[in-house]
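I opened this notebook to record what I looked up in one structure, entry by entry. The questions I brought to it concern packing, helix geometry and a few individual residues.

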Amino acid sequence: MAGITVSGVTIDSAAPERLAAWWSEALGWRLDGCRCFAPGGGLQRLEFMAVPEAKRVKNRVHIDFGADDVQAAVDRLVAMGATVAWEEDFPPELEYRNLVLRDPEGNEFCVGGPTSRPPAPPPAV
């Protein structure tokens with residue numbers, strides 16, 4: 001079977017260049033017009049395509065991003081113009097936190113990672 005890889009994700013946008021610039025800054029990726037490219041010279045990219053209609057309902061597909069410090073990443077993205085849509089509930093034993101955010105045009109994406117837990121007390125001697 002021929003190998004298939006994900007080379008990019010295309011996102012509908014009312015203002016593609018502006019939204020590409022936002023994502024480029026958010027991810028630290030190289031901006032090229034309506035596209036932003038992952039570091040390292042690979043093909044991975046986000047591309048933004050102009051469409052006449054506004055987003056009306058929840059995305060059927062969204063991107064999940066991982067962060068070592070979920071709260072710091074979310075705080076930074078919110079300061080840039082993202083909004084928090086909701087936080088998902090996970091059992092505490094999973095030690096995982098995931099928030100759904102919306103970019104400036106309302107496209108949902110997730111930021112998840114380990115929960116910040118205090119270190120376990122040392123074993124009793």
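**Entry 1: a loop residue**

I began with Glu 95, whose place is in the loop between strand 6 (83-87) and strand 7. I kept in mind throughout that this is a predicted model. When I looked up the backbone, I found that Glu 95 has a positive phi of about 50°, although it is not a glycine. Its relative accessible area is 44%, and because buried means under 20% and exposed over 50%, I noted Glu 95 as partly exposed.

**Entry 2: the nonpolar core**

Next I asked which residues of the largest nonpolar core touch the most other members. The core has 20 residues, and the ones I wrote down are Trp 22, Trp 23, Phe 48, Leu 77, Leu 101, Phe 109 and Val 111. I then looked up the elements that give two or more residues to this core, and these are helix 1 (16-27), strand 4 (45-50), helix 2 (70-80), strand 7 (96-102) and strand 8 (108-114). Helix 1 gives the most, with five residues.

I followed Val 111 further and, not counting residues up to four places away in sequence, found that it touches Phe 65, Ala 67, Val 70, Ala 73, Val 74, Leu 77, Arg 97, Asn 98, Leu 99 and Leu 101.

**Entry 3: helix 1 against helix 2**

How do the axes of helix 1 and helix 2 cross, and within what distance do they come? I found that they come within 11 Å and cross at roughly 150°. Since angles over 145 degrees count as roughly antiparallel, helix 1 is roughly antiparallel to helix 2. The crossing of the two helices is right-handed.

At the residue level, Trp 22, Glu 25 and Ala 26 in helix 1 meet Arg 76, Leu 77 and Met 80 in helix 2. Sorted by class, this contact has four nonpolar, no polar and two charged residues.

**Entry 4: two more loop positions**

I looked up Asn 107, which is found in the loop between strand 7 and strand 8, and asked whether it is buried or exposed. Its relative accessibility is 10%, so Asn 107 counts as buried. Leaving aside neighbours within four places in sequence, Asn 107 is in contact with Ile 11, Asp 12, Leu 19, Lys 55, Asn 59, Leu 101 and Arg 102.

Last, I turned to Asp 69 in the loop between strand 5 (63-66) and helix 2, which is partly exposed with a relative accessible area of 42%. Asp 69 and Val 111 are 42 residues apart in sequence, and I noted a C-alpha to C-alpha distance of 9.7 Å between them.

Definitions and conventions:
Residues are numbered from 1 along each chain as its sequence is written. This is a predicted model: local features need pLDDT of at least 70, side-chain atom pairs count only at pLDDT 80 or more; totals for chains, interfaces and linings use all residues. Side-chain values use heavy atoms; hydrogens and water are left out. A nonpolar core is a set of buried Ala, Val, Leu, Ile, Met, Phe, Trp, Tyr and Cys residues joined through side-chain atoms within 4.5 Å. Buried means under 20% relative accessible area, exposed over 50%, partly exposed in between (1.4 Å probe, protein chains only). Helices (H or I, at least four residues) and strands (E, at least two) are DSSP runs, numbered from the N terminus. Contact means heavy atoms within 4.5 Å. Axes are lines fitted to C-alpha atoms, for helices over the stretch in contact, and angles run from 0 to 180 degrees between N-to-C directions. Angles under 35 degrees count as roughly parallel, over 145 as roughly antiparallel, 65 to 115 as roughly perpendicular and the rest as oblique. A crossing is left-handed if the near helix is turned anticlockwise from the far one by less than a right angle, and right-handed if clockwise. Ala, Val, Leu, Ile, Met, Phe, Trp, Tyr, Cys and Pro count as nonpolar, Asp, Glu, Lys and Arg as charged, and the others, Gly among them, as polar.
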